[in-house]
Amino acid sequence: MNNGKVDVLLGLQWGDEGKGKVVDVLTPQYDVVARFQGGPNAGHTLEFEGEKYVLRSIPSGIFQGGKVNIIGNGVVLAPDLFMEEAKALEASGHELRSRLHISKKAHLIMPTHRVLDAAYEAQKGKNRVGTTGKGIGPTYTDKVSRNGLRVGDILENFEEKYAAAKARHEAILRSLNYDYDISETEKRWLEGVEYLRQFPIVDSEHEIDTLLREGKTMLCEGAQGTMLDVDFGSYPFVTSSNTICAGACTGLGIGPNKIGDVYGIMKAYCTRVGAGPFPTELFDETGKKIRDLGHEYGAVTGRERRCGWIDLVALRYAIMVNGVTKLIMMKSDVLDTFTTIKACVAYRQNGKETSRFPYNIEDGIEPVYRELPGWQTDLTKMTSEEQLPEAFKQYVAFLEAELETPITIISIGPDRAQTIVRNV
């Protein structure tokens, strides 16, 4: 038996690290690209040949011809948003239907899930989590409470199953006295269900096993970031799924002994969207400058991202829980004009310094910074490691020493071509 290779690619911060571009860059090395968790709350932006694309549910390997792309069982899928995304790709000349396979066990985001999302957030008031309102949390809640509707359900007795699930949600919404109207959304959603039926709906765990037995290579694509993991992130300001490497096993049905390299993606600084603690957040002109230079606005929501210096305490923790073997640093060029770059090497909490990521980072955390000289050089036109300025090389070496993991790829711009692969 010729066992294929499985590598995992995921974000190490609070999401928005640039995973879509990296998957697109790495895809030529693989036969299969698979999404293993999350839903349309995660937008992966790719730019090449003068075009810009935002993927929400479809794996980022879809642009490379001849690859199998799989939406795994750990993903939650909104049929109407999927239809909108897929039709836009088809209109731009990308053939999907033979290359995109969808797991029967992936859960469906219903129109009433979105209403529940809004109702629950409204109830929380000032303690709201800051969700995208896409219905992700309530869908995962139904999954865990064994009330979910799955993609495979659209193949048999669907109307009956949908009506029962909808009635259950409506009873909850009545108890919350929450007014809503889903008539238009539901009509579009049901169109999306019909559209979904045109794609191969598969037992993805068996398909993946067959592909690996044939010696195929596979890249598992994570959404969001490690610090949003439901178990290991900054709870309760987290997403509803496991965004870490272990999520690839449960979200695709892969044994842990199949995992090879784990690519951890980080920005040269740090961002966060929505509510929740962010120890290195900058509220001054520097934070605003990073946001403007980095175009830090959500690919799906358009929301402003909160910006700050790189947090090595959180990154060490993320590397540990994921078993990261290779680091990929994005948006290095955003820091091109800064005279001084800061990196958080420890936290000070209750008068004590720690390099461990604590149970609670909500209150009283003060970042301890190390200052490094900026490179003040335009990186965006550089094509090889040799061209990089000395101060930037020193920043990279400092990060590698602190994180005890090699940085193998450096992104110096949004385009596929603006990528330097290092010989480390």
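This is a dialogue on reading cysteines, a buried aspartate, a buried arginine and the nonpolar cores in a predicted model.

Trainee: How many disulfides does the structure hold?

Mentor: Look at the distance between cysteine sulfur atoms, since a disulfide needs a pair within 2.5 Å. The structure holds zero disulfides. For C245, the nearest cysteine sulfur belongs to C249 and is 6.1 Å away.

Trainee: Why is C270 in no bond with C307?

Mentor: The sulfur of C307 is the closest cysteine sulfur to that of C270, but at 9.1 Å it is too far for a bond.

Trainee: Are C245 and C270 buried or exposed?

Mentor: Relative accessible area decides this, and buried means under 20%. C245 has 8% and is buried. C270, at 2%, is buried as well.

Trainee: Where is D261, and is D261 buried or exposed?

Mentor: D261 sits in strand β11, which covers residues 259–267. Its relative accessible area is 19%, so D261 counts as buried, given that the cut-off is under 20%.

Trainee: With which side chains does the side chain of D261 make polar contacts?

Mentor: For a charged residue, check the side-chain partners. One polar contact, of 2.9 Å, is with the side chain of T325. Another, of 3.4 Å, joins D261 to the side chain of K326. Leaving out residues up to four places away in sequence, D261 also touches V6, D7 and V8, along with T325 and K326 themselves.

Trainee: What does R291 contact, leaving aside its neighbours within four places in sequence?

Mentor: Place the residue before listing its partners. R291 lies in helix α9, residues 285–293, and is buried at 16% relative accessibility. Its contacts beyond those neighbours are E296, Y297, E304, R305, R306 and C307. R305 is 14 residues from R291 in sequence, yet their C-alpha atoms are 7.1 Å apart. A polar atom of the R291 side chain lies 2.9 Å from the backbone oxygen of R305.

Trainee: Which residues touch the most other members of the largest nonpolar core?

Mentor: The general idea is that nonpolar side chains tend to be buried together in soluble globular proteins. Here the largest nonpolar core has 60 residues, and those touching the most other members are M218, C220, L312, M329, L335, Y395 and L399. Helix α11, residues 390–403, gives the most to this core, with seven residues.

Trainee: What does L335 touch, not counting residues up to four places away in sequence?

Mentor: L335 touches A268, Y269, I290, W309, I341, W375 and Y395. There is also a second, separate core of 30 residues, including I58, I71, M83 and L89.

Technical notes: Residues are numbered from 1 along each chain as its sequence is written. This is a predicted model: local features need pLDDT of at least 70, side-chain atom pairs count only at pLDDT 80 or more; totals for chains, interfaces and linings use all residues. Side-chain values use heavy atoms; hydrogens and water are left out. Buried means under 20% relative accessible area, exposed over 50%, partly exposed in between (1.4 Å probe, protein chains only). Helices (H or I, at least four residues) and strands (E, at least two) are DSSP runs, numbered from the N terminus. A polar contact is a pair of N or O atoms within 3.5 Å; within protein, one must be able to donate a hydrogen and the other to accept it, and residues adjacent in sequence count only if both atoms are side-chain atoms. Contact means heavy atoms within 4.5 Å. A nonpolar core is a set of buried Ala, Val, Leu, Ile, Met, Phe, Trp, Tyr and Cys residues joined through side-chain atoms within 4.5 Å.
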